[in-house]
Amino acid sequence: MTTAVRIGEHQVGAGRPVYTVAEIGINHNGDIEIAKELIRIAAGTGVDAVKFQKRTPEIATPPDMRDTLRDTPWGQMTYLDYRYRVEFGIPEYEEIDRYCKELGIDWFASPWDVPSVEFLEKFGVVCHKVASASLTDHELLKALRDTGKPIIASTGMSTMEEVDAAVELLGKENLVLLHTTSTYPCPPEEANLRTLHTLADRFGVPIGYSGHERGLQVSIAAVAMGACLVERHFTLDRTMWGSDQAASLEPEGLRRLVRDIRNVEVALGDGVKRVFPGEEKPRRRLRRV
């Protein structure tokens with residue numbers, strides 16, 4: 001069993017502080033200043049890391065979708081042109097890397113294709129993330145495995161057989177698996193949090209939770225059930241344009257999430273039954289025998 005995986009300066013696993021990730025993804029809408037504002041706010045909430053998504057648009061965009069027209073804030077354009085419009089390149093990621101180091105916060109990304117793995121490796125990211133949509137892309141998984149970096153893999157929209165194959169390919173040594181349901185937003189009846197225990201029992205690696213639900217309750221419950229990593233989408237404003245905005249937390253929601261996770265960690269205790277100092281006076285006052 002892998003008891004913990006080191007990500008940056010953090011040990012991620014059972015009994016360790018929950019590793020908290022604010023997924024910026026593409027909620028920056030291709031604007032580096034919005035991205036930096038999201039990083040700044042996230043760092044101020046006490047979150048441990050921010051995450052982005054990195055694509056090579058001509059590879060990651062399905063051929064049958066490339067010429068599909070899409071209405072965007074920049075006018076009507078093909079889906080491929082839209083993907084180029086919101087994609088960051090070397091200059092933007094140099095600025096992201098510099099700014100995160102300045103603020104003392106980890107950053108990494110979900111690469112959606114092999115060239116994007118090579119792109120991210122240039123920046124010495126602390127780990128790599130496998131998006132749920134990429135869990136069956138074995139060419140990508142092999143490229144990620146070969147970096148030797150810790151890997152966080154989401155298991156949404158996947159059968160257990162598909163998860164088995166991915167774990168077999170990635171190996172368990174440097175792996176954190178995330179339970180998630182890829183419904184945006186995810187209703188409570190599809191959260192299926194007991195899968196956290198199913199994955200932990202089956203694979204023996206650190207298990208976390210990537211949430212797409214509205215509100216905080218389900219993510220907090222995941223921590224109480226043993227999730228060692230919690231990831232939530234993050235935005236400045238849920239009404240902003242973009243496919244992930246509505247299922248994202250706004251700044252105050254992210255602050256409350258981190259606060260509540262830390263409170264739950266303390267409240268879980270060590271499991272040893274004892275009489276606490278605060279109980280001594282009520283014990284003397286209320287016990288008759």
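**Close-up 1. Strands β3 and β12 run side by side in this predicted model.** Strand β3 covers residues 19–25 and pairs with β12 in the parallel sense. Five bridges link the two strands. Want a spot to look at? Find T20, which stands opposite V230 in β12.

**Close-up 2. Zoom out a little, and β3 and β12 turn out to belong to an open sheet of eight strands.** Reading across, the order goes β7-β4-β3-β12-β11-β10-β9-β8, and the pairing is parallel. Which strands sit at the edges? They are β7 (106–111) and β8 (128–130), and each of them pairs on one side only. From one strand to the next, the twist averages 25°.

**Close-up 3. Helix α5 lies across part of the sheet.** This helix is made of residues 114–121 and lies across β4, β7 and β8. Check its direction against β7: the helix runs at about 165° to that strand.

**Close-up 4. Here is the largest pocket, with about 360 Å³ of space in it.** A set of 23 residues lines the pocket, and the closest to its centre are Q53, R55, W112, Y184 and D244. Two elements, β4 (49–54) and β12 (229–233), each give two or more residues to the lining. What kinds of residues make up the lining? It divides into six nonpolar, 10 polar and seven charged.

**Close-up 5. This view follows residues 38–273, a stretch that has a label in UniProt.** An unreviewed entry there lists the stretch as "domain: PseI/NeuA/B-like". In the model, the span is 41% helix and 18% strand, and its end C-alpha atoms lie 43 Å apart.

Notes: Residues are numbered from 1 along each chain as its sequence is written. This is a predicted model: local features need pLDDT of at least 70, side-chain atom pairs count only at pLDDT 80 or more; totals for chains, interfaces and linings use all residues. Side-chain values use heavy atoms; hydrogens and water are left out. On a 1 Å grid over the protein atoms alone, a cavity is a set of points where a 1.4 Å probe fits but cannot get out, and a pocket is an open set with protein on both sides within 12 Å along at least five of seven lines; lining residues have an atom within 4 Å of a point. Grid points are joined across faces, edges and corners, and a volume is the space filled by probe spheres set on the points. Helices (H or I, at least four residues) and strands (E, at least two) are DSSP runs, numbered from the N terminus. Ala, Val, Leu, Ile, Met, Phe, Trp, Tyr, Cys and Pro count as nonpolar, Asp, Glu, Lys and Arg as charged, and the others, Gly among them, as polar. UniProt positions are given in the numbering used here, feature names are shortened, and annotations may be inferred rather than shown by experiment. Two strands pair if DSSP finds at least two bridges between them. Axes are lines fitted to C-alpha atoms, for helices over the stretch in contact, and angles run from 0 to 180 degrees between N-to-C directions. Contact means heavy atoms within 4.5 Å.
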